[in-house]
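Please open the model in your viewer and keep the sequence panel beside it, since each stop on this tour begins with something to select.

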Amino acid sequence: MGSKQSNQLIGMRGVYLTAAELTRRGFIVSPTSRSAFGADLLVTDQRCRKAWTVQVKTTTVPRDFCLVGKKSKGVASVSHVYVFVNLKEDARFPKFLVVKSRVVAKKARAQGRMGFAFYRSDAAGTASWRIF
């Protein structure tokens, strides 16, 4: 395997690391089709009383923002959550930022040709695994 991974492999890695972390926390997790819009993971508690959809955004570059799609401005639901994963290559463990979709929809900003960005500082006080 080469030293540089494709964006698709980086994204897949983030999805499966997020699924593993949610499973470690006691949730039942199922990945969706990679072509599904808006949800990379379907999550439920062990009693199947609560369910969430999870959109995972992954990067290997340490930044103060996370890129999100234009559609993120219109996707705001109590049961939809974003997990931003930073896989900084020299770190042993990924860094997760868990944010409600309503916060992302409200705070995402246009970034020219890059699309939309959600700044990590905009998640202050609102980001936590307790969302689940």
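Begin by selecting Phe-37, which is exposed, with a relative accessible area of 59%; bear in mind from the start that this is a predicted model. Phe-37 sits in the loop between strand 1 (28–31) and strand 2, and, once residues up to four places away in sequence are set aside, Phe-37 touches Lys-71 and Val-75. If you add Lys-71 to the selection, you can follow a link across the sequence, for Phe-37 and Lys-71 are 34 residues apart along the chain while their C-alpha atoms are separated by 9.6 Å.

Next, select Thr-32, which also has its place in the loop between strand 1 and strand 2. Which residues does Thr-32 contact, leaving aside its neighbours within four places in sequence? They are Ala-39, Asp-40, Leu-41 and Leu-42, and with Ala-39 there is a polar approach to look for, as the backbone oxygen of Ala-39 lies 2.5 Å from a polar atom of the Thr-32 side chain. For a sense of distance, draw a line from the C-alpha atom of Thr-32 to that of Arg-13, a pair that is 19 residues apart in sequence and 14 Å apart in space.

Move on to the loop between strand 2 and strand 3, and select Asp-45 there. Is Asp-45 buried or exposed? Asp-45 counts as buried because its relative accessibility is 18%, below the 20% limit that the term requires. Show the surroundings of Asp-45 and you will find that it touches Phe-27, Ile-28, Lys-50 and Trp-52, not counting residues up to four places away in sequence. Thr-23 can serve as another landmark, since the C-alpha atoms of Asp-45 and Thr-23 are 9.9 Å apart, with their positions 22 residues apart in sequence.

The side chain of Asp-45 leads directly to the next stop, because it reaches the backbone nitrogen of Cys-48 at 2.8 Å. Cys-48 lies in the loop between strand 2 (41–44) and strand 3, and at 57% relative accessibility it counts as exposed. Its backbone also deserves a look, for phi of Cys-48 is near 55°, a positive value in a residue other than glycine. Now select Cys-66 as well, which, unlike the exposed Cys-48, is buried, with a relative accessible area of 6%. How many disulfides does a search of the whole structure find? The search finds zero.

From here, follow the chain to Thr-59, which has its place in strand 3 (residues 51–59) and is buried, with a relative accessible area of 15%. A polar atom of the Thr-59 side chain lies 3.1 Å from the backbone nitrogen of Val-61. Farther along the sequence, and leaving aside neighbours within four places, Thr-59 is in contact with Val-85, Asn-86 and Leu-87.

Now turn to the interior and select Leu-22, Leu-41, Val-43 and Phe-132, the residues with the most contacts inside the largest nonpolar core, which has 19 residues. Two or more residues of this core come from each of helix 1 (7–24), strand 2, strand 3 and strand 5 (80–86), and helix 1 gives the most, with four residues. Keep Val-43 selected and display its contacts: not counting residues up to four places away in sequence, Val-43 touches a set that includes Leu-22, Phe-27, Trp-52, Val-54 and Phe-132. A second, separate core of 12 residues can then be picked out through Val-68, Phe-84, Val-103 and Ala-123, which are among its members.

Finally, clear the selection and view the whole protein chain, which has two helices and eight strands and, read along the sequence, follows the pattern α-β-β-β-β-β-β-α-β-β. Its C-alpha atoms fill a box of roughly 40 × 35 × 30 Å, taken along the principal axes. The radius of gyration is 14 Å, which agrees with the value near 14 Å that a compact globule of 132 residues would have. Buried residues make up 41% of the 132 residues, and the accessible surface comes to about 8100 Å², of which 53% belongs to carbon and sulfur atoms. Among contacts between residues at least 6 apart in sequence, 53% join residues at least 24 apart.

Definitions and conventions
Residues numbered from 1 in each chain as written. Predicted model: local features only at pLDDT ≥ 70, side-chain atom pairs only at ≥ 80, totals over all residues. Heavy atoms only, no water. Buried < 20%, exposed > 50% of the residue type's maximum accessible area, 1.4 Å probe, protein only. Polar contact = N/O pair within 3.5 Å; in protein donor to acceptor, adjacent residues only side chain to side chain. Contact = heavy atoms within 4.5 Å. Disulfide = S-S within 2.5 Å. Core = buried A, V, L, I, M, F, W, Y, C linked by side-chain atoms within 4.5 Å. Rg over C-alpha atoms; globule rule 2.2 N^0.38 Å. Areas by Shrake-Rupley, 256 points an atom, 1.4 Å probe, with all protein chains shown as cover.
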